[in-house]
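Grab a pencil and your viewer. Here are a few short exercises to work through, each with a solution.

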Amino acid sequence: ILVNILNGTLDLNDFENEIGNLNGGGSNGGFVNLGSASLTTGGSNQSASYSGRIFGEGNLIKTGSALFELTSEQLYTGTTEVQNGTLSLSTDGSIASSTFISIGEQGVLTFASISEDTAELQNLSGSGSLAMGTKNVNFTQSQDTGFSGVISGSGDVSVAGSGSLGLSGINTYTGSTTLNGLSGLTLSGIGDISSSSSVTLSSAATLSTAYTAGTTINNLSGG
């Protein structure tokens, strides 16, 4: 537990660490310095909420069946891995600096309660659930990654960057899909975005359905 104490910091000193729960934090303190290490939290299977900031080049790993809530902007640049349970971003919660997002089969990442209209995520992979609620999401893909889980909600999905996002699950989000710049969206297997209200491509973007058994694209435009 990290309380809201001025300059109070948990410093991993570049050593891997696992704690049952991470709670507390705040505008005055309760910081976590990952350095180059990974912090694993959630193993106590009890809900926790952290309002401080995590920084460093290391990784954040969420385990356990309970909810872990982040309510402030996080600054770490490593991977965010949701192995089990729910990682919830709310209020000012953001993991936009995290360079890879991985959601395990039993994991859920949700940002339905953030204050902003749009969540920023990088390089999505895994097989779990991404629950948008009414919010939008912008994926920045610097790499080609694959996601076999489900993206749900009523918000819009946009993809940017030079990499491709591969979807091989049946996604149920109902907002628009936009591919910007040199980005790509590849549907494979049972990959489906037929619930998306429209799909818009920039002149340099690529939408590939070659590896599916067949899918429906609504209101295709751009190019």
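Below come three exercises on strands and a salt bridge.

This is a predicted model, so to speak of local features we need pLDDT of at least 70, and side-chain atom pairs count only at pLDDT 80 or more, while totals for chains, interfaces and linings use all residues. Residues are numbered from 1 along each chain as its sequence is written, and side-chain values use heavy atoms, with hydrogens and water left out.

**Exercise 1.** Work out which strands stand at the edges of the open sheet 1-3-6.

- Strands are DSSP runs of E, at least two residues, numbered from the N terminus; two of them pair if DSSP finds at least two bridges between them.
- The three strands are ordered 1-3-6, with parallel pairing.
- Strand 1 (9-11) and strand 6 (54-55) each have a single partner strand, so these two are the edges.
- Strand 3 (residues 31-33) is joined to strand 6 by two bridges, and Asn33 has Phe55 as its bridge partner.

**Exercise 2.** Find the strands that pair with strand 17 (residues 157-160).

- Strand 14 (residues 136-140) pairs with strand 17 in the parallel sense over four bridges; Val137 partners Val157.
- Strand 19 (residues 177-179) runs parallel to strand 17, with three bridges; Ser158 partners Thr178.
- Val157 and Val159 point one way, Ser158 and Ala160 the other, and all are buried (under 20% relative accessible area).

**Exercise 3.** Locate the one salt bridge in the whole structure.

- Look for a side-chain nitrogen of Lys or Arg within 4 Å of a carboxyl oxygen of Asp or Glu.
- Arg53 and Glu73 fit, their closest N and O atoms being 3.8 Å apart.
- Arg53 sits in the loop between strand 5 (48-50) and strand 6, and Glu73 in the loop between strand 8 (67-70) and strand 9 (79-91), so the pair ties together parts 20 residues apart in sequence.

Note on methods
Buried < 20%, exposed > 50% of the residue type's maximum accessible area, 1.4 Å probe, protein only.
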